[in-house]
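Thank you for asking me to look over this model before it is used further. My comments follow as numbered points, and each keeps to one part of the chain.

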Amino acid sequence: MKIPTSQGIPIVDMSQHTTRWQEIVRELRQALQYTGFVYLVNHGIPEHIVNCAFQQSVKLFALPLEDKMKFERDLDDTFHGYTKPGLKVINPRSNTCLKELRESFDCNIYNGSSCPYPEDAGDFKPAMHALVSECKELAIVILKMLGDALDLSDQDYFLRHHKCLWKETVPNYTSLRSLFYPQITEDISGAIRFDEHTDYGTFTLLFQDDVGGLEVKTQDGKWIPATPIPGSIVVNTGDLLNSWSGGLYASTFHRVVVPQDEYRKQKPRQSIAFFVKPDNDTVVAPLVNPEIPSKIPEFQNITAGEHFKQRTMSTRRT
């Protein structure tokens, strides 16, 4: 698994992508091959839609806990809903079982129009759905580019295994997650808010506020900041795309830390992530270098849906 050097995270300009297609394909392949992370600028998602999603998320997380818990995340079926702070183990391999102090609301796109939302959260539901619609369109473009970069004979291979992006009745765990990290009142600059991990699925689109704290692990084991760039989206490769690509696209470890800057340390942190995952019945196997075993053996002979459920439940504690 290739991971980044200390040179930083590349920036790819998506403007005029229909006429600059091959140029952008090459840049994406290089970025995800050697870093697993890339900033996208001029990506086409309107800024006002992103801002509205952040603003409405503030209203949601300001609700009393008992109101939010009425919409607790469904871990038996849709995986849609609210997760209170402290339920998720920071690192399930750790003996200390520290729990991360953040709260979140997952908006699953599978039958998403019928999923429940708090009525007292203002326009949270329409704001999330508007952003989901934009993320779907961008994800379709990226999937085409990723397949093109692998020189697949079936150029629509990835699209055919992500039908959820245009048909919400296809069982799938792709979701938009709004996250809220409370402000830090103690002097713990540099402490970890969310420990190192890789993402489970195909790739992630991440929208950051200006607080910062996201870090990416380098080839020599050091951490570099994914400093927020206004108007950009951070894209990172997930475990399943790493397996699909025969290890070509890196699935890189990343984490969230408390900023050193005193002003940012005392601000709450927000982010919104669109986790793109294959349709549930998809069995992921290497499309490139198939003679090389999967980097992570448990990906073999398991569907994308089962993989997601296993990974999600492994980090839960009651």
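1. Since the first point concerns ring pairs, the criterion comes first: rings of Phe, Tyr and Trp (its six-membered ring) pair if their centres lie within 6.5 Å. On that criterion, F79, Y173, Y200 and F308 are linked by ring pairs into a cluster, and the structure holds eleven aromatic pairs. Please keep in mind throughout that this is a predicted model.

2. For the chain as a whole, there are eight helices and twelve strands, and of the 318 residues 55% count as buried. If one takes the contacts between residues at least 6 apart in sequence, 77% of them join residues at least 24 apart.

3. Two aromatic pairs can be described individually, and a general remark helps in reading them: a pair of aromatic rings is described by the distance of the centres and the angle of the planes. F105 and Y117 form a stacked pair, with 5.5 Å from centre to centre and 20° between the planes. Because F105 belongs to strand β4 (residues 103-108) whereas Y117 is in the loop between β4 and α4 (124-149), this pair ties together parts that are twelve residues apart in sequence. Both F105 and Y117 are buried.

4. Why is the pair of Y157 and W244 edge-to-face? The planes of the two rings stand at 80°, with the centres 6.1 Å apart, and planes over 60 degrees apart count as edge-to-face, so the pair takes that label. Y157 lies in helix α5 and W244 in helix α6 (residues 239-244), so parts that are 87 residues apart in sequence are tied together by this pair. Y157 is buried, as is W244.

5. A ring also takes part in a contact with a charge: the charged end of K217 sits over the ring of F253, at 5.9 Å from the centre of that ring.

6. The loop between α5 and β5 deserves attention at two places, and H161 is one of the residues located there. Leaving out residues up to four places away in sequence, H161 touches W244, P278, D279 and T282, and the side chains of H161 and T282 make a polar contact at 3.4 Å. The C-alpha atoms of H161 and V284 are separated by 9.7 Å, although these positions lie 123 residues apart along the chain.

7. The second place is N172, in the loop between α5 (157-160) and β5 (175-181). Is N172 buried or exposed? Its relative accessible area is 0%, and since buried means under 20%, N172 is buried. A polar atom of the N172 side chain lies 2.4 Å from the backbone nitrogen of T174, and the side chain of N172 also reaches the backbone oxygen of K277 at 2.9 Å. Neighbours within four places in sequence aside, N172 is in contact with N108, Y110, C164, K277, P278, D279 and N280.

8. Strand β12 (residues 269-276) is mostly covered, with eight of its eight residues buried. The cover extends to both faces, with R269, S271, A273 and F275 buried on one side and Q270, I272, F274 and V276 buried on the other. β12 pairs with β5 in the antiparallel sense over seven bridges, and within that pairing S175 has F275 as its bridge partner in β12. Strand β7 (residues 203-208) likewise pairs with β12 in the antiparallel sense, over six bridges, and F207 stands opposite I272 of β12.

9. The last point concerns an open sheet of four strands, with the order β6-β11-β8-β9 and antiparallel pairing. Its edge strands are β6 (192-197) and β9 (223-225), each of which pairs on one side only, and the twist from one strand to the next averages 25°. The pairing of β6 with strand β11 (residues 254-257) is antiparallel and runs over three bridges, with V257 in β11 as the bridge partner of I192. As general background, strands of a sheet pair through backbone hydrogen bonds, either parallel or antiparallel.

Technical notes: Residues are numbered from 1 along each chain as its sequence is written. This is a predicted model: local features need pLDDT of at least 70, side-chain atom pairs count only at pLDDT 80 or more; totals for chains, interfaces and linings use all residues. Side-chain values use heavy atoms; hydrogens and water are left out. Buried means under 20% relative accessible area, exposed over 50%, partly exposed in between (1.4 Å probe, protein chains only). A polar contact is a pair of N or O atoms within 3.5 Å; within protein, one must be able to donate a hydrogen and the other to accept it, and residues adjacent in sequence count only if both atoms are side-chain atoms. Contact means heavy atoms within 4.5 Å. Two strands pair if DSSP finds at least two bridges between them. Axes are lines fitted to C-alpha atoms, for helices over the stretch in contact, and angles run from 0 to 180 degrees between N-to-C directions. Rings of Phe, Tyr and Trp (its six-membered ring) pair if their centres lie within 6.5 Å; planes under 30 degrees apart count as stacked, over 60 as edge-to-face and the rest as tilted. A charge sits over a ring if NZ of Lys or CZ of Arg is within 6 Å of the ring centre and within 35 degrees of the ring normal.
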